[in-house]
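Please open the structure in a viewer and keep the sequence panel visible. The tour below proceeds by selections, each followed by a description of what is found there.

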Amino acid sequence: MHTVSLPRTCLGFTNMLFLIFGVVGCVICVWCAVNTDFFREVNYTVTKSSLVSAVANFVNLKLWFTPMTTILIPLAALTILTSCCGILGAGCKVKCAIKSYIFFVTVLSSTAFWLFFMSGIYNIYTNNENTLKYMRATIKSNYGKENDLITHVWDYIMVNYECCGAVGSQDFVNTNWHKANLDKLYPVQCCKLNKTSLVPLSKNCTKTHEPQAQANTNSCFNALRISIKENKGMIMFYIILIGLLYTIIMLFAYCIIKGEPLIKAITRNLSDLLPKCQEYTNKEVPSNSSLDNMMFVEEPPRKVVKVVSAINPFQTFQFTPSVHHAGSKTYPHSIRQIK
């Protein structure tokens with residue numbers, strides 16, 4: 001992690017994968033929106049997989065009278081746009097692209113976290129009354145519609161968690177589904193089914209509340225709450241993992257913006273966050289003393305020359321020049337005989 005190449009390589013490879021997934025998802029949605037039967041025939045002939053039919057059915061579902069394709073295509077386009085920003089930022093070091101990539105990833109991650117974990121799992125775990133009312137409202141207004149996403153979600157919950165309705169089977173009374181099925185008290189998904197063929201174990205199921213009908217009377221809201229409590233360790237692990245991946249992506253993007261190795265980019269401003277020690281070693285302390293306010297003129301060093309007489313070598317003189325005064329052209333001096 002001591003070079004910029006590692007963050008660039010990781011972000012580039014990751015965004016390339018997301019770009020491929022976004023393009024494939026967009027092609028599937030557009031293809032199914034144009035001709036679903038042709039999509040099933042071609043892909044099933046090539047892959048021989050039952051997943052083709054499941055994908056085609058999911059794409060053709062509706063959410064509140066809105067086809068899923070009108071929701072999935074913009075999401076795929078947004079994924080492609082985000083991946084392109086990441087590739088440009090990591091490969092070409094375009095700062096505008098990498099900043100846009102950080103913005104898109106943050107917005108998408110925050111929205112997904114809020115919708116899935118906070119609005120869904122957390123509210124069910126805390127037994128939120130508004131969430132329970134909303135679940136019952138979806139049964140009353142949406143359950144039973146053809147090719148409806150909410151209906152498929154409820155069917156999946158009731159079959160896999162062996163429950164019936166948000167509170168109980170009474171949630172289906174006076175609903176749009178019940179008006180279209182007056183001979184039934186609750187859907188067949190509330191019955192105890194054969195695990196392989198998904199056929200009710202009792203023929204009288206959906207027509208009576210008697211025990212011999214072998215129906216599931218548990219609340220789906222409570223069943224989901226119990227499941228969340230039992231798997232809260234795994235849920236916390238996924239939350240921490242997603243948060244860790246998001247942090248790594250943001251650190252790599254920050255490293256690319258700064259153009260420095262990862263460790264250096266992280267610790268660059270660390271010294272600014274630490275408290276600075278004040279140094280008083282060479283700091284002058286102001287004083288109000290009168291001596292400190294006085295000006296002293298430094299006396300220049302005196303030059304002393306020893307002179308020996310040429311006539312009498314035993315006679316010597318000491319020559320001392322005086323200080324040169326400003327504006328004077330003479331240089332006074334003094335001669336003293338040394339005995």
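Begin by selecting Cys190, which is buried at a relative accessible area of 0%. The model is a predicted one, and every value quoted here is computed from it.

**Stop 1: the partner of Cys190**

Add Cys164 to the selection. The two residues form a disulfide, with 2.1 Å between their sulfur atoms. A rotation of 80 degrees about the S-S bond makes the link of Cys164 and Cys190 right-handed. Cys164 sits in the loop between α7 and α8, and Cys190 in the loop between α8 and α9, so the pair ties together parts that are 26 residues apart in sequence. Cys164, like its partner, is buried; its relative accessible area is 1%.

For contrast, select Cys84. This cysteine is in no disulfide, and the nearest cysteine sulfur belongs to Cys85, 7.1 Å away. Because its relative accessibility is 33%, Cys84 counts as partly exposed. Cys255 may be displayed as well: this residue is buried, with a relative accessible area of 0%.

**Stop 2: the other disulfide**

How many disulfides does the structure hold? There are two. Select Cys163 and Cys220, whose sulfur atoms lie 2.1 Å apart in a disulfide. Cys163 belongs to the loop between α7 (149-160) and α8 (176-180), whereas Cys220 belongs to helix α9 (residues 220-230), so this pair ties together parts that are 57 residues apart in sequence. The torsion about the S-S bond of Cys163 and Cys220 is about 95 degrees, so this disulfide is right-handed. Cys163 is buried at a relative accessible area of 0%, and Cys220 also counts as buried, at 0% relative accessibility.

**Stop 3: the loop between α8 and α9**

Remain with the loop that carries Cys190 and select Asn194, which is found in the loop between α8 and α9. Is Asn194 buried or partly exposed? With 32% relative accessibility, Asn194 counts as partly exposed. Display Val199 and Leu201 next: Asn194 touches both, when residues up to four places away in sequence are not counted.

**Stop 4: the largest pocket**

Select Leu115, Phe116, Gly120, Tyr134 and Val153. Of the 27 residues that line the largest pocket, these lie nearest its centre. The volume of this pocket is about 1,200 Å³. To see where the lining comes from, colour α4 (69-92), α5 (95-125), α6 (129-141), α7 and α9; each of them supplies at least two lining residues. The largest share comes from α5, with seven residues. Colouring the lining by class gives 22 nonpolar residues, five polar and no charged.

**Stop 5: the second largest pocket**

Now select Phe18, Val105, Leu108, Ser109 and Ile242. These are the closest to the centre of the second largest pocket among the 27 residues that line it. The space in this pocket comes to about 950 Å³. Which helices each supply at least two residues of its lining? They are α1 (5-34), α4, α5 and α10 (232-258). Here too α5 provides the largest share, in this case ten residues. The lining of the second largest pocket divides into 17 nonpolar, ten polar and no charged residues.

**Stop 6: Phe252 and Pro7**

Stay on helix α10 and select Phe252, which is found there. Phe252 is buried, at a relative accessible area of 8%. Add Pro7 and draw the distance between the two C-alpha atoms: they are separated by 4.9 Å, although the residues are 245 apart along the chain.

**Stop 7: the whole chain**

Finally, clear the selection and show the full chain as a cartoon. Its secondary structure comprises twelve helices and five strands. The chain has 339 residues, of which 27% count as buried. Switch to a surface representation: the accessible surface comes to about 23,700 Å², and carbon and sulfur atoms account for 63% of it. If a contact map is available, consider the contacts between residues at least 6 apart in sequence; 52% of these join residues at least 24 apart.

Terms used:
Residues are numbered from 1 along each chain as its sequence is written. This is a predicted model: local features need pLDDT of at least 70, side-chain atom pairs count only at pLDDT 80 or more; totals for chains, interfaces and linings use all residues. Side-chain values use heavy atoms; hydrogens and water are left out. Helices (H or I, at least four residues) and strands (E, at least two) are DSSP runs, numbered from the N terminus. Buried means under 20% relative accessible area, exposed over 50%, partly exposed in between (1.4 Å probe, protein chains only). Contact means heavy atoms within 4.5 Å. Accessible areas come from the Shrake-Rupley method with a 1.4 Å probe; for residues, only the protein chains shown count as cover. A disulfide is a pair of cysteine sulfur atoms within 2.5 Å. On a 1 Å grid over the protein atoms alone, a cavity is a set of points where a 1.4 Å probe fits but cannot get out, and a pocket is an open set with protein on both sides within 12 Å along at least five of seven lines; lining residues have an atom within 4 Å of a point. Grid points are joined across faces, edges and corners, and a volume is the space filled by probe spheres set on the points. Ala, Val, Leu, Ile, Met, Phe, Trp, Tyr, Cys and Pro count as nonpolar, Asp, Glu, Lys and Arg as charged, and the others, Gly among them, as polar.
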